[in-house]
Amino acid sequence: MTQVQFRGLTKRYGDRTAVDALTFDVPAGAVTGFLGPNGAGKTTTLRMLVGLARPTTGEALIDGRRYTQLSQPRRTVGALLEANGFHPGRRGRDHLLILAEEAKLPKARVDAVLDEVGLTDAKHQRIRTYSLGMRQRLGLAGALLGDPGLLVLDEPANGLDPAGMAWLRALLRRRAAEGSTVLVASHVLAEVAQTADRIIIVHNGQLRHAGPVEPDLESTFLSMTGAETGAGHAG
């Protein structure tokens, strides 16, 4: 089981502090919802976790090591931070074949993850023809390629219809039940309430709450962030 720890994680851009001394753990075998208003520092935190940004101070650890120290990153961490970066003229299956080759993963995983995310029938279509929801599924397929013990997802439900959101919920719950660590940043509080076991709430780059999902998640979120309105969302 993959353990994730944040210890005094801080990121400054000039005189602006985007992430301010975050310290918390993400348990294995559970779905952890990562919540906060727009600009709270969620995406910056996830980028530091997967080695896309360097902390000013502190560290984000995966099984006691930084992402850049992992010997086989894609077998340990599957990340989806943005559902873009695809070559529009490339076919969906070919995109995954390139990722598998770069990570030295067996080609058999490509068809397995296409089936897992429901894109088998669209695998030979060019990505320019994919809807936003299909691109999101393709991004998830890339995250799952290495059968990682840790999934790090930023707004994975973006572009999914209700059936797609139900499918995503089942996928994340199944991965957690199999022992994976799942960390999901989302602004859809109602979906987090149905999916997550635990929540982390950040505001102005600081940790405001860490614990089990509360019965009234919206009230907890609003009280922790000082928001006046929420309407079930936390950007």
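This is a short dialogue on reading helix packing, burial and backbone angles in a predicted model.

Me: Happy to start with the helices. At what angle do the axes of α3 and α5 cross, and how should I read it?

Reply: An angle under 35 degrees counts as roughly parallel. Here helix α3 (residues 92-102) and helix α5 (residues 132-144) have axes that come within 10 Å and cross at roughly 25 degrees. That is why α3 is called roughly parallel to α5. The crossing of α3 past α5 is right-handed.

Me: Which residues make that contact?

Reply: On the α3 side, look for Gly92, His95, Leu96 and Leu99. Facing them from α5 are Leu138, Ala141 and Gly142. Sorted by class, the residues of this contact are 4 nonpolar, 3 polar and no charged.

Me: And how do α5 and α6 pack?

Reply: Helix α6 covers residues 162-177, and its axis lies 13 Å from that of α5, at an angle of about 10 degrees. By the cut-off we just used, α5 is therefore roughly parallel to α6. From α5, the contact uses Arg137, Leu140 and Leu144. From α6, it uses Gly164, Trp167, Leu168, Leu171 and Arg175. In this contact you will find 5 nonpolar, 1 polar and 2 charged residues.

Me: What is the angle between α3 and α4?

Reply: These two helices pack at about 130 degrees, with their axes 9 Å apart. Such an angle is neither roughly parallel nor roughly antiparallel, the latter being kept for angles over 145. So α3 and α4 are oblique to each other. Their crossing is right-handed. Arg93, Leu96, Leu97 and Ala100 of α3 meet Val110, Asp111, Val113 and Leu114 of α4. The classes here are 6 nonpolar, no polar and 2 charged residues.

Me: Now to burial. Which residues of α4 are buried, and where on the helix do they sit?

Reply: A good general idea to carry along is that an α-helix has 3.6 residues a turn, so residues three or four places apart point the same way. In helix α4 (residues 108-116), the buried residues are Val110, Val113 and Leu114. Looking down the axis of α4, you would see these buried residues within an arc of 105 degrees, so they line one face of the helix. They pack against α3 and α5. Turn to the face pointing away from the buried side, and you meet the exposed residues Ala108 and Asp115.

Me: How many residues of α1 are buried?

Reply: Helix α1 (residues 42-49) is mostly covered, with 6 of its 8 residues buried. They are Lys42, Thr44, Thr45, Leu46, Met48 and Leu49.

Me: Is a single residue such as Arg128 buried or exposed?

Reply: Take the relative accessible area and compare it with the cut-offs: under 20% is buried and over 50% is exposed. At 53%, Arg128 is therefore exposed. You can find Arg128 in the loop between α4 and α5. Leaving out residues up to four places away in sequence, Arg128 touches Pro88, Gly89 and Arg135. Its C-alpha is 24 Å from that of Ala108, and the two residues are 20 apart in sequence.

Me: What does Val26 look like by the same reading, and what does Val26 touch?

Reply: Val26, in strand β2, has a relative accessibility of 1%, so this residue counts as buried. With the same sequence neighbours left out, Val26 touches Val4, Phe6, Thr32, Thr181 and Leu183. Val26 and Phe6 are 20 residues apart in sequence, and 8.4 Å separates their C-alpha atoms.

Me: One last feature, the backbone. Where is phi positive?

Reply: Let's begin with glycines. Gly51, which follows α1, has a positive phi near 80 degrees. Gly118, which follows α4, also has a positive phi near 80 degrees. Then there are residues other than glycine: Ala21 has a positive phi near 55 degrees, and Asn204 has one near 55 degrees too. Ala21 belongs to strand β2 (residues 16-26), and with 43% relative accessibility it counts as partly exposed. Asn204 sits in the loop between β8 (198-203) and β9 (206-212).

How values were computed
Residues are numbered from 1 along each chain as its sequence is written. This is a predicted model: local features need pLDDT of at least 70, side-chain atom pairs count only at pLDDT 80 or more; totals for chains, interfaces and linings use all residues. Side-chain values use heavy atoms; hydrogens and water are left out. Axes are lines fitted to C-alpha atoms, for helices over the stretch in contact, and angles run from 0 to 180 degrees between N-to-C directions. Helices (H or I, at least four residues) and strands (E, at least two) are DSSP runs, numbered from the N terminus. Angles under 35 degrees count as roughly parallel, over 145 as roughly antiparallel, 65 to 115 as roughly perpendicular and the rest as oblique. A crossing is left-handed if the near helix is turned anticlockwise from the far one by less than a right angle, and right-handed if clockwise. Contact means heavy atoms within 4.5 Å. Ala, Val, Leu, Ile, Met, Phe, Trp, Tyr, Cys and Pro count as nonpolar, Asp, Glu, Lys and Arg as charged, and the others, Gly among them, as polar. Buried means under 20% relative accessible area, exposed over 50%, partly exposed in between (1.4 Å probe, protein chains only). The arc is that of the directions from the helix axis to the C-beta atoms.
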